Amino acid sequence: MSDKELIKDYKKMQSDIRKSKEEFQMFVNNLYVENCHERSEHGMPLYASSEEYYKENKIFIKDKYFGKKSKG
């Protein structure tokens with residue numbers, strides 16, 4: 001494999017990682033917004049941010065995200 005091919009593959013990998021990270025962050029943010037609506041309807045306290053929501057619900061979020069990705 002030539003240097004040009006390696007550089008091209010590396011840049012593609014970086015792009016894929018960045019895109020995947022952005023998709024995951026958007027997924028978490030969408031879940032956070034849904035959670036805020038649910039909790040406010042039931043008079044429950046809200047998480048301060050999507051980061052806090054993620055920290056408290058990592059397993060649930062990852063299961064839901066990877067379940068969604070494998071289905072479609």
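Start by selecting Tyr47 and Tyr53: both are buried. Keep in mind as you look around that this is a predicted model.

**The first ring pair**

Show the two side chains as sticks and turn the view until you see both rings. Tyr47 and Tyr53 make an edge-to-face aromatic pair, with 5.4 Å from centre to centre and 65° between the planes. Searching the whole structure gives six aromatic pairs, so there are others to visit.

**A second pair**

Now select Tyr65 and Phe66. Their ring centres are 5.3 Å apart and their planes stand at 80°, over the 60 degrees that edge-to-face requires, so this pair is edge-to-face as well. Which partner is buried and which is exposed? Tyr65 has 4% relative accessibility and therefore counts as buried, while Phe66, with a relative accessible area of 51%, is exposed.

Widen the selection by adding Phe24, Phe27 and Tyr54: together with Tyr65 and Phe66 they form one aromatic cluster.

**Over to Arg39**

Next, pick Arg39, which you will find in helix H1, spanning residues 3-41. What surrounds this side chain? Leaving aside residues up to four places away in sequence, Arg39 touches Met44, Pro45, Leu46 and Tyr47, so your tour comes back to the tyrosine of the opening stop.

Arg39 is buried but has no salt bridge. Draw a distance to Glu52, the nearest side chain of opposite charge, and you should get 8.0 Å. Then zoom in on Pro45: its backbone oxygen is 2.5 Å from a polar atom of the Arg39 side chain.

Key. Residues numbered from 1 in each chain as written. Predicted model: local features only at pLDDT ≥ 70, side-chain atom pairs only at ≥ 80, totals over all residues. Heavy atoms only, no water. Helix = DSSP H or I, 4+ residues; strand = E, 2+ residues; numbered from the N terminus. Buried < 20%, exposed > 50% of the residue type's maximum accessible area, 1.4 Å probe, protein only. Lys, Arg positive; Asp, Glu negative; His and termini not counted. Salt bridge = Lys/Arg side-chain N within 4 Å of Asp/Glu carboxyl O. Polar contact = N/O pair within 3.5 Å; in protein donor to acceptor, adjacent residues only side chain to side chain. Contact = heavy atoms within 4.5 Å. Phe/Tyr/Trp six-rings, centres within 6.5 Å; stacked < 30°, edge-to-face > 60°.
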